Amino acid sequence: MHLLIPAAGTGRRMGSHRNKLLLQVRSQPIIAWTLLAAQASEQISWIGIISQPHDWQDFKEIIADLQLTKPVKLIKGGSSRQESVYNGLLSLPANAEQVLIHDGARCLATPDLLNRCAEAICHCLGLIAAVPVKDTIKVVDENGIIQSTPERSQLWAAQTPQGFDVKLLKQCHGEGVAHGWEVTDDAALFEKCGYQVQIVQGEETNLKVTTPQDLAIAEFILNTRFDQK
Ligand SMILES: Nc1ccn([C@@H]2O[C@H](COP(=O)(O)OP(=O)(O)OP(=O)(O)O)[C@@H](O)[C@H]2O)c(=O)n1
Ligand SMILES: C[C@](O)(CO)[C@H](O)COP(=O)(O)O
C-alpha cells in the first residue's frame, strides 16, 4: 500500500518558528514517530513525504537515522494541506491503485491502525479513521448564541489515515480546484463529489499534535507506551 504523509505545514497554532514536525517528543522529531509507525506496518510498502523543500535536508537526515527499509520519496508541499495532498497524489507511482493519507502530525497512530485501514481500502472506495465524539457539541452563531445541539450518536471526530481509490481521489481534488472548494480533509472532497466514505474505528490516542499542550500529551502517551515494555 502506498502511503502519503502530508508534512508541509508551518505549525502556526504550535507557535513554532519552524515546521512543528521537526520538534522533539520523547527525544525524536514528531515526524520520526510517524515514520516509525509506517515502517512497522506490514501493509505499507512505499512512503511519500509531502514537505517544503527548505525542510528536505532535515527530513533526509531523519530518514537516514531511522534506517527505513521502505522506499521513501520527498514530494514538494503546497500552501494548504489540500494542495499538498494533491501534489502527493500527482507524484504517486503509476501502479498505485489505492492510497492511504496520514498526517505527519498524527504521530501516535499505531501500525495496527495503518494495517486495518490498508486492508479495509481494498474493499471500498473511500474510508477514514474516526472516533465517536465524547462531548455534547453545540452549533453557535457569531454572537455566541447556541443555534442547535446535533444528535451526538451521529457525530464522529475525523482522523487520519484516510484511504481512497487513487483515480477517484485525483478526480475529486481536480473538482475541488475547479470549484474553489476549501476543505480540511480528503474525505470532504469525496463527500462533495457524491462518493461514499466508510468509517474505520480510529484510536483515542491518535491525536493531531497541533498546540504546545498536544506536545505534552503526546510525550505522556509515548512514555506510557514505551516505558511499559
Ligand atoms: N500546507 C500544508 C499544511 C499542512 N500540511 C500538513 O497537514 C497536516 C495537518 O495540518 P496541521 O496539523 O494543521 O499542521 P500545520 O499546518 O503545520 O498547523 P497550523 O494549521 O497550526 O499552522 C500536518 O501534518 C501538516 O504538516 C501540509 O502538508 N501542507
Ligand atoms: C485531516 C485531519 O487531520 C482530520 O482530523 C484534519 O482535518 C486536518 O485539519 P487541520 O485544519 O489542518 O487541523
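Which backbone N or O atom lies 3.2 Å from an oxygen atom of ligand 1? That atom belongs to Ala105. The model is a predicted one, in which local features need pLDDT of at least 70 and side-chain atom pairs count only at pLDDT 80 or more, while totals for chains, interfaces and linings use all residues. Residues are numbered from 1 along each chain as its sequence is written, chains are lettered from A and ligands numbered from 1 in the order in which they are written, and side-chain values use heavy atoms, with hydrogens and water left out.

Ligand 1 comes first here. Around ligand 1 there are 19 residues, and Gly11, Arg12, Arg13, Lys20 and Ser84 come nearest; a residue counts as near a molecule if one of its heavy atoms lies within 4 Å of it. Sorted by class, this shell has 5 nonpolar, 8 polar and 6 charged residues. In this sorting, Ala, Val, Leu, Ile, Met, Phe, Trp, Tyr, Cys and Pro are nonpolar, Asp, Glu, Lys and Arg are charged, and the others, Gly among them, are polar. Besides Ala105, the backbone of Ala7 has a polar atom 3.3 Å from an oxygen atom of ligand 1. The side chain of Lys208 joins in too, with an N or O atom 2.8 Å from an oxygen atom of ligand 1. On its own, ligand 1 has 560 Å² of accessible area, and the protein covers 90% of it (areas come from the Shrake-Rupley method with a 1.4 Å probe).

Next is ligand 2, whose surroundings are Arg13, Arg81, Asp103, Arg106, Ala158, Thr160, Thr184, Asp185 and Lys208. Of these residues, 1 is nonpolar, 2 are polar and 6 are charged. Lys208 turns up again: an N or O atom in its side chain is 2.7 Å from an oxygen atom of ligand 2. Arg106 places a polar side-chain atom 2.7 Å from a ligand 2 oxygen, and for Ala158 it is a polar backbone atom that lies 2.7 Å from an oxygen atom of the ligand. Taken alone, ligand 2 exposes 360 Å², of which the protein buries 77%.

Where do the ligands sit? The space taken by ligand 1 is the largest pocket, and the space taken by ligand 2 is the largest pocket as well. A molecule sits in a pocket if more than half of its atoms lie within 2 Å of the pocket's grid points. On a 1 Å grid over the protein atoms alone, a pocket is an open set of points with protein on both sides within 12 Å along at least five of seven lines, a cavity is a set where a 1.4 Å probe fits but cannot get out, and lining residues have an atom within 4 Å of a point.

The largest pocket has a volume of about 1000 Å³, a volume being the space filled by probe spheres set on the points, which are joined across faces, edges and corners. Its lining has 40 residues, with Gly9, Arg13, Ser80, Arg81 and Gln82 nearest the centre. By class, that lining splits into 11 nonpolar, 19 polar and 10 charged residues. H3, strand S10 (156-165) and helix H5 (166-179) each supply at least two lining residues, and H3 gives the most, with 5. Helices (H or I, at least four residues) and strands (E, at least two) are DSSP runs, numbered from the N terminus.

There is also 1 cavity of 30 Å³ or more. The largest cavity holds about 30 Å³ of space, and its lining is made up of Arg81, Gln82, His173, Val183, Thr184, Asp185, Asp186 and Leu189. Helix H3 (81-90) and helix H6 (186-192) are the elements that give two or more residues to this lining.

Two backbone details round things off. The peptide bond from Thr160 to Pro161 is cis, with omega near 10°, and Pro161 is in strand S10. Arg26 has a positive phi of about 45° although it is not a glycine; Arg26 is in the loop between strand S2 (24-25) and strand S3 (28-29).

Definitions and conventions: A polar contact is a pair of N or O atoms within 3.5 Å; within protein, one must be able to donate a hydrogen and the other to accept it, and residues adjacent in sequence count only if both atoms are side-chain atoms.
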